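User: I have the sequence and the model open side by side. Please take me closely through one part, the sheet and whatever packs against it.

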Amino acid sequence: MSCASTPPILSHRPLADGDIPTICGFPRSAEELYFLFPRAVWPLTPDQVRATLGTRRDPTVVTLSENGRERVVGYANYATFEDGRTASIGNVSVDPTLRRRGIAEYLVRTMIGRAFDHHHLPELTLYCFNTNTPALLLYAKLGLTPIALETRVTPWGDPIALFKLRMDHASWQSASRIAA
């Protein structure tokens, strides 16, 4: 008699200190770390993540439950937060072995929903480098629109474009009705 495996289930919860070493394993290179945590220094360490928590809001992990086991597979927070005004999603990162499987979409939807439905913010922003095409396509799919473009220089000296994307509460409500 064989035991059928249960389908994987995504959920989210606040970050716990024990999750931090797992999150430190998400970036696979100094370049990837720059795109996930621009102010961090390779390799990402638990102390660097903990140091950001004093200035971040709602650090959130996505967990994958499968066959009775739960593991952390995604992380994000609000890099900036102004009560009643706006927030900016930051540090969106996913386990590299599980990318392009809907985890980032679940994570970003969770952060957007929390901003609008829990914190009742009128708008939300997010920054994304031009080289991260999968993320830019995801953000467009979710209804975030580009509103500004900044020039930055990578730690290795290359110029790079940083898009600022925005969504307002009305757009989120409209997108939520369409998805339902």
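Analyst: What follows walks through the sheet strand by strand, then turns to the helices and a few backbone points. Keep in mind that this is a predicted model.

Start with the layout. The sheet is open and has 7 strands. Their order is S1-S2-S3-S4-S5-S7-S6, and the pairing is mixed. Which strands stand at the edges? They are S1 (9-14) and S6 (145-153). Each has a single partner strand, so one side of each is left without a neighbour in the sheet. Neighbouring strands are turned by 25 degrees against each other on average, with direction ignored.

Now go to S4, which covers residues 86-94. In the strand order, S4 sits between S3 and S5. Is S4 enclosed or open? Of its 9 residues, 9 are buried, so S4 is largely enclosed by the rest of the structure.

Look at its two partners in turn. On one side, S3 pairs with S4 in the antiparallel sense, over 7 bridges. One of the pairs puts Tyr 78 with Ile 89 of S4. S3 and S4 also form a hairpin, with 3 residues between them. Gly 84 lies in that turn and has a positive phi of about 75 degrees.

On the other side, S4 runs parallel to S5 (residues 123-129), and 2 bridges join them. Ser 88 has Thr 125 in S5 as its bridge partner. Ile 89 stands opposite Leu 126 in S5. Ile 89 therefore has a counterpart on each side: Tyr 78 is its bridge partner, and Leu 126 stands opposite.

Two helices pack on this sheet. H4 spans residues 103-118 and touches S1, S2 (57-66), S3 (69-82), S4, S5 and S7 (159-168). The direction of H4 makes about 40 degrees with that of S3. H5 spans residues 133-142 and touches S4, S5 and S7. Its direction makes about 160 degrees with that of S5.

The two helices also meet each other. H4 and H5 pack at an angle of about 50 degrees, and their axes are 11 Å apart. That angle makes H4 oblique to H5. The crossing is right-handed. What does each helix bring to the contact? H4 supplies Ala 104, Glu 105, Val 108, Arg 109 and Ile 112. H5 supplies Leu 138, Tyr 139, Lys 141 and Leu 142. By class, the contact residues are 6 nonpolar, no polar and 3 charged.

Two residues show how strands meet their surroundings. Take Ser 93 first, in strand S4. Its relative accessibility is 2%, so Ser 93 counts as buried. Leaving aside residues up to four places away in sequence, Ser 93 touches Phe 26, Leu 36, Phe 37, Val 73, Gly 74, Tyr 75 and Leu 107. One of these, Leu 107, falls within the residue range of H4. Val 73, Gly 74 and Tyr 75 fall within that of S3.

Now take Leu 10, in the edge strand S1. Is Leu 10 buried, partly exposed or exposed? At 28% relative accessibility, Leu 10 counts as partly exposed. With the same sequence neighbours set aside, Leu 10 touches Val 62, Thr 63, Leu 64, Val 73, Gly 102, Ile 103 and Tyr 106. Val 73 thus appears in the contact lists of both Ser 93 and Leu 10. Phe 37, a contact of Ser 93, has its C-alpha atom 23 Å from that of Leu 10. Along the chain, Leu 10 and Phe 37 are 27 residues apart.

A few backbone points are worth checking on screen. Asp 58 is placed in strand S2. Its phi is near 50 degrees, a positive value in a residue other than glycine. Asp 58 counts as buried, because its relative accessibility is 15%. Arg 100 also has a positive phi, about 65 degrees, and is not a glycine. It lies in the loop between S4 and H4. There the accessibility is 69%, so Arg 100 counts as exposed.

Last, away from the strands, find Pro 43 in the loop between H2 (30-36) and H3 (46-52). The peptide bond from Trp 42 to Pro 43 is cis, with omega near -10 degrees.

Note on methods:
Residues numbered from 1 in each chain as written. Predicted model: local features only at pLDDT ≥ 70, side-chain atom pairs only at ≥ 80, totals over all residues. Heavy atoms only, no water. Pairing = 2+ DSSP bridges. Helix = DSSP H or I, 4+ residues; strand = E, 2+ residues; numbered from the N terminus. Axes fitted to C-alpha atoms, helices over the stretch in contact; angles between N-to-C directions. Contact = heavy atoms within 4.5 Å. Buried < 20%, exposed > 50% of the residue type's maximum accessible area, 1.4 Å probe, protein only. Parallel < 35°, antiparallel > 145°, perpendicular 65-115°, else oblique. Left-handed = near helix turned anticlockwise from the far one by under 90°. Nonpolar A, V, L, I, M, F, W, Y, C, P; charged D, E, K, R; others polar.
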